[in-house]
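Student: Could you take me through one part of this protein in detail? I would like to see what lies around a single helix and how that region connects to the rest of the chain.

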Amino acid sequence: LNKKLLVIPSIDIHNQKTVRVVQGIPELDCKEYGDDPVEMAMLWRAENAKMLHVVDFDGALNHSKINREIIKNICSSVIIPIEFTGGVRSIEDAESVFDLGVYRIAINTMALENRSEFTKLFEKFGPTKIVLSIDIINGELVTRGRKKVSGLNYLSFTKEMVEIGIDRCIVTDVSRNGMMIGPNIQLSKEIAEHSKIKVTHSGGVRNKDELLD
């Protein structure tokens, strides 16, 4: 069976630098990765990446816009779609991010904490431009940069999002994020089978063979 994978490199940004994220915690001074997010985007494009996922940790943690100019420069430096997440709490936030050149926004906190605003956002931009991002620690949905436990069941929540119209979900097992210990594929499969939604898996991947089982 010939299986094709779309691998989407993730560029995690904290304090205007590229960082390595381990179990949801951004670590600075990872010189082996290079600390310039724009340069990193161009390197991934040179490696034939078809899309990039960009995480703004300052936006996610404290709604900061310190990295916005960098996001804009990434979008103008590569000709592939940029998927963005981090700190989009309102329709106005989303519009300003799209104005930077971002192709798609992945929403976490707003969907959990402000359902009415999220519904309005989704109705305005639709499933191509707005996707769901869910972060899970020990079976618990977490928000606000993976700092706050929501108490909601992730399967029930995802099903509710599908009813709104969401058709893609990015699933991250935060305990495996950056640990290079292998992905929790079962978690992503469970969500995909339960909600009948397209799932992008994130976290723990070491090589392509782990994704072809």
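Tutor: Happy to; we will begin with the whole chain, look closely at helix H4, and then follow its surroundings outward.

Please keep in mind that this is a predicted model. The protein chain has eight helices and eleven strands. Of its 213 residues, 48% are buried. If you take the contacts between residues at least 6 apart in sequence, 69% of them join residues at least 24 apart.

Now to helix H4, which covers residues 91–99. Its buried residues are Ile91, Asp93, Ala94, Val97 and Phe98. Viewed down the axis of H4, these residues fall within an arc of 155 degrees, so they line one face of the helix. Glu92 and Asp99, on the other side of H4, are exposed. After the helix comes Gly101, with a positive phi near 110 degrees.

What does the buried face of H4 pack against? Its partners are helix H3 (68–77), strand E5 (82–85), strand E6 (104–107), H6 and E7. Let us take H6 and then E7.

The axes of H4 and H6 come within 9 Å and cross at roughly 40 degrees. On the H4 side, the contact is made by Ile91, Glu92, Ala94, Glu95 and Phe98. H6 contributes Glu117, Lys120, Leu121, Lys124 and Phe125. Sorted by class, this contact has five nonpolar, no polar and five charged residues.

For E7, a good residue to click on is Ile130, in the strand that spans residues 130–137. Ile130 has a relative accessibility of 1%, and therefore counts as buried, the cut-off being under 20%. Ile130 and Ala94 of H4 are 36 residues apart in sequence, yet their C-alpha atoms are 9.4 Å apart in space. Setting aside residues up to four places away in sequence, Ile130 touches Phe98, Arg104, Ile105, Ile107, Phe118, Leu121, Phe122, Phe125 and Ile166. You have already met Phe98 as a buried residue of H4, and Leu121 and Phe125 as H6 residues in the contact with H4.

Ile130 also leads us to the core. In general, nonpolar side chains in soluble globular proteins tend to be buried together. Here, the largest nonpolar core has 46 residues, and Ile130 is among those with the most contacts inside it, along with Ile105, Ile107, Ile134 and Ile191.

From Ile191 we can move on to another helix. Among the residues that Ile191 touches are Ile134, Tyr154, Leu155 and Thr158. Tyr154, Leu155 and Thr158 are buried residues of helix H7 (residues 154–164), as are Phe157 and Met161. These buried residues cover an arc of only 160 degrees around the axis, which puts them on the same side of H7. Their cover includes helix H5 (109–113), helix H6 (115–125), E7, strand E8 (140–143) and helix H8 (185–195). H6 and E7 thus appear again, having been listed among the packing partners of H4.

The two ends of H7 are worth a look as well. At its start, a side-chain oxygen of Asn153 comes to within 2.9 Å of the backbone nitrogen of Leu155. Just after the helix, Gly165 has a positive phi of about 135 degrees.

Key: Residues numbered from 1 in each chain as written. Predicted model: local features only at pLDDT ≥ 70, side-chain atom pairs only at ≥ 80, totals over all residues. Heavy atoms only, no water. Helix = DSSP H or I, 4+ residues; strand = E, 2+ residues; numbered from the N terminus. Buried < 20%, exposed > 50% of the residue type's maximum accessible area, 1.4 Å probe, protein only. Contact = heavy atoms within 4.5 Å. Core = buried A, V, L, I, M, F, W, Y, C linked by side-chain atoms within 4.5 Å. Arc of directions from axis to C-beta. Polar contact = N/O pair within 3.5 Å; in protein donor to acceptor, adjacent residues only side chain to side chain. Axes fitted to C-alpha atoms, helices over the stretch in contact; angles between N-to-C directions. Nonpolar A, V, L, I, M, F, W, Y, C, P; charged D, E, K, R; others polar.
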